[in-house]
Amino acid sequence: MNVLVSGGAGYVGSHAARMLSRAGHEVWAYDNLVFGHRGAVAPGRLIEGDLLDKAKVVATLREHQIDAVMHFAAFAYVGESVTDPAKYYHNNIVGTLSLMDAMREAGVWRIVFSSTCATYGEPESVPIRETQAQNPINPYGYTKLVIERALSDFAKAYGWGYAALRYFNAAGASTDGDLGEDHDPETHLIPLVLQVALGQREHITIFGDKLPTPDGTCIRDYIHVDDLASAHISALEKLGRGTEFRCNLGTGQGTSVKEVIDACRAITGRPIPAVVAPPRAGDPPALIADAGLARRELGWVPRYTSITPIVETAWKWHESHPDGYAD
């Protein structure tokens, strides 16, 4: 297929674009480079543009005879979405609806959408199944839920085929160390811990150590970025007219903050000072996926099921790219 990857210069999008290309698809990355990086895209495959520029998106879809879109482009800082919701509603909802309008105009009906476990809000039970109610507690999660609902309406009214893939905690980097995580500001735990190992931060902060978990710290389900990418390709290959597919992407294994820090210390061989701070408001003690649906329906099995190999790939990237893509 000819595939347009919106947000293809970003963290997950760049890994998905490369995996698509290696699977034999023709791939172009469409990115405004607000958070993306030129160095994350294969030469000659970056189209710099904004999703709100509908005319450019339509022209791009037609020029490259695009068959399907993988949509990663979004603002994704939960805290910022609370303090500046207008930014998130405009970019994540209005920008995506602009993309969807352009797809309709160009006759493109397949889309794989990067969603999030944040659409569930406070979990009713753990592990989280797709049958749980979606009650997001922040604007970021709500913007993703709005698009899930819009895609469902488009599938019913216009015969679109879509997959909404709800990520848990994306982590790691490409095994060759060429692609990795480079955010500014950085908020993800593993790169923050590795920045301490590199001497770029004085310490890592642990938000709460007396939570109702085995070691008192938050537990999360870390899924390797290449495993995320492979799930997107599996979903894309199953899309037909009217297909509606929504599923979690995680390993089903939880790792605590202390366990992540210990893994980083063991892999880097460097001291990583940690400081305990009060828990953050609205931070659930544990978020773990039930990813059985993705396994059953997509035949998807994550390669990375423990934190050690995930951190090993992340360290290979950060140690060889201490300044990220340096762009």
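**View 1. Three strands, E12, E9 and E14, form an open sheet in this predicted model.** The strand order is E12-E9-E14, and the pairing is mixed. E12 (255-256) and E14 (286-287) are the edge strands. Each of these two pairs on one side only. E9 (residues 219-220) runs parallel to E14, and two bridges connect the pair. Arg220 has Leu287 of E14 as its bridge partner. Strands of a sheet pair through backbone hydrogen bonds, either parallel or antiparallel.

**View 2. Strand E8 shows alternating side chains and pairs with E13.** E8 covers residues 204-207. Ile204 and Ile206 point to one face and are buried. Thr205 and Phe207 point to the other face and are not buried. E13 (residues 274-277) runs parallel to E8, with four bridges between them. Ala274 in E13 is the bridge partner of Ile204.

**View 3. Helix H7 is largely enclosed by the rest of the structure, because 11 of its 12 residues are buried.** The helix spans residues 225-236. Its buried residues are Val225, Asp226, Asp227, Leu228, Ala229, Ala231, His232, Ile233, Ser234, Ala235 and Leu236. At 1.5 Å a residue, a helix of 12 residues should span 16 Å. The end C-alpha atoms of H7 are 17 Å apart, which agrees.

**View 4. Helices H8 and H10 pack against each other in a right-handed crossing.** H8 holds residues 257-268, and H10 holds residues 307-320. Their axes lie 10 Å apart at an angle of about 55 degrees. The two helices are therefore oblique to each other. From H8, the contact involves Val260, Ala263, Cys264, Ile267 and Thr268. These meet Ile307, Thr308, Val311, Glu312 and Trp315 of H10.

**View 5. Ser115 sits buried in strand E5.** The strand covers residues 110-116. Ser115 has a relative accessible area of 1%, so it counts as buried, the cut-off being under 20%. Beyond its neighbours within four places in sequence, Ser115 contacts Lys144, Glu148, Leu165, Arg166 and Tyr167.

**View 6. Glu80 lies in helix H3 and is partly exposed.** H3 runs over residues 78-83. The relative accessible area of Glu80 is 26%. Not counting residues up to four places away in sequence, Glu80 touches Pro85, Lys87 and Tyr88. Asn138 is 58 residues from Glu80 along the chain, and their C-alpha atoms are separated by 9.7 Å.

**View 7. Cis peptide bonds precede Pro127 and Pro185.** The bond from Val126 to Pro127 has omega near 5 degrees. Pro127 belongs to the loop between E5 and helix H5 (139-158). The bond joining Asp184 and Pro185 has omega of about 5 degrees. Pro185 is in the loop between strand E7 (169-171) and helix H6 (189-197).

**View 8. Leu33 and Ala326 have positive phi although neither is a glycine.** For Leu33, phi is about 65 degrees. Leu33 falls in the loop between strand E2 (26-31) and strand E3 (46-48). For Ala326, phi is about 55 degrees. Ala326 lies in the segment after H10. Ala326 counts as exposed, at 66% relative accessibility.

Key:
Residues numbered from 1 in each chain as written. Predicted model: local features only at pLDDT ≥ 70, side-chain atom pairs only at ≥ 80, totals over all residues. Heavy atoms only, no water. Expected span 1.5 Å × (residues − 1). Buried < 20%, exposed > 50% of the residue type's maximum accessible area, 1.4 Å probe, protein only. Pairing = 2+ DSSP bridges. Axes fitted to C-alpha atoms, helices over the stretch in contact; angles between N-to-C directions. Parallel < 35°, antiparallel > 145°, perpendicular 65-115°, else oblique. Left-handed = near helix turned anticlockwise from the far one by under 90°. Contact = heavy atoms within 4.5 Å.
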